[in-house]
Amino acid sequence: MKRRILFVGDNQPLWLDLRAHFSAHEGGWEIEFARTGPEALAWVMNYKFDAVFADVQLSDMSGVEFLDELIKHRPKVLRIVLSDIAEVENTLKCLGRAHHHLMKPCDGTTVFQALKKELDLDAWL
């Protein structure tokens, strides 16, 4: 069974690392990337995703606004957020909206392991 993941944000070095990392794990993953909140919401409205991994700081809307919209339209999707230590206020606002949180800087291996762990736990439950 393929797991479909949407990555949201403008963190291009991490996204490039993720493309390489997920392509090394053939067969079980389908990944998409959206740079903006509205673009990501359009993806979510048209396709089913197992998880959405979003940066707390989006260029056109706050990560909190994005998570609220995501919860409204797809409440069962696994939500993981990425933030910088300097974004403490926005990160705290994400509590209760996200299932998992990762701090910047982050690499593809860390993201992959967090996603796999959370999705495996969700499948087990």
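Author: Let's start with a term: a polar contact is a pair of N or O atoms within 3.5 Å, where one must be able to donate a hydrogen and the other to accept it. Keep in mind that the model above is predicted.

Reader: What makes the pair of Thr-36 and Glu-39 at the start of helix 2 a polar contact?

Author: A side-chain oxygen of Thr-36 comes to within 3.1 Å of the backbone nitrogen of Glu-39. The cut-off is 3.5 Å, so the pair qualifies as a polar contact.

Reader: How do you know that the buried residues of helix 2 lie on the same side?

Author: Helix 2 spans residues 37-46, and its buried residues are Gly-37, Ala-40, Leu-41 and Val-44. Around the axis they cover an arc of only 100°, which puts them on the same side of helix 2. There is a general reason to expect such a pattern: an α-helix has 3.6 residues a turn, so residues three or four places apart point the same way. As for what they pack against, the buried residues of helix 2 meet strand 1, strand 2, strand 3 and helix 3.

Reader: And what makes the buried residues of helix 3 line one face?

Author: Here the buried residues are Gly-63, Val-64, Phe-66, Leu-67 and Leu-70. Looking down the axis of helix 3, you find them within an arc of 160°, so they line one face of the helix.

Reader: Why is strand 3 described as largely enclosed by the rest of the structure?

Author: Count its residues: 5 of the 5 in strand 3 (residues 51-55) are buried, and therefore the strand is largely enclosed. Both faces are covered, with Ala-51, Phe-53 and Asp-55 buried on one side and Val-52 and Ala-54 buried on the other. In a regular strand the side chains alternate between the two faces of the sheet.

Reader: How do you know that strand 3 pairs with strand 1 and with strand 4?

Author: Pairing needs at least two bridges. Strand 1 (residues 3-8) and strand 3 have 4 bridges in the parallel sense, so they pass. One of the partnerships joins Leu-6 to Val-52 in strand 3. Strand 3 and strand 4 (residues 78-83) also run parallel, with 5 bridges, so they pass too. Ala-51 is found opposite Leu-78 in strand 4. Between strand 3 and strand 4, the chain travels through helix 3 (residues 63-73) in a right-handed β-α-β crossover.

Reader: Why is Glu-32 called buried?

Author: Buried means under 20% relative accessible area. Glu-32, in strand 2 (residues 29-34), has 19% relative accessibility, so it counts as buried. Beyond its neighbours within four places in sequence, Glu-32 touches Arg-4, Ile-5, Leu-6, Phe-7, Trp-43 and Phe-49.

Reader: What makes Arg-4 and Glu-32 a salt bridge?

Author: The limit is 4 Å between a side-chain nitrogen and a carboxyl oxygen. Their closest N and O atoms are 3.7 Å apart, so the pair meets that limit. Arg-4 in strand 1 and Glu-32 in strand 2 are 28 residues apart along the chain. Arg-4 is buried too, at 16% relative accessibility.

Reader: How do you know that Arg-3, Lys-116 and Asp-120 are linked in a network?

Author: Follow the pairs. Asp-120 and Arg-3 meet in a salt bridge at 2.9 Å, N to O. That pair ties helix 5 (residues 108-124) to strand 1 across 117 residues. Lys-116 also forms a salt bridge with Asp-120, at 2.9 Å. Asp-120 takes part in both pairs, and the three residues are linked in a network of salt bridges.

Terms used
Residues are numbered from 1 along each chain as its sequence is written. This is a predicted model: local features need pLDDT of at least 70, side-chain atom pairs count only at pLDDT 80 or more; totals for chains, interfaces and linings use all residues. Side-chain values use heavy atoms; hydrogens and water are left out. Helices (H or I, at least four residues) and strands (E, at least two) are DSSP runs, numbered from the N terminus. Buried means under 20% relative accessible area, exposed over 50%, partly exposed in between (1.4 Å probe, protein chains only). Contact means heavy atoms within 4.5 Å. A crossover is right-handed if, with the strands pointing away from the viewer, the path from the first strand over the helix to the second runs clockwise. The arc is that of the directions from the helix axis to the C-beta atoms.
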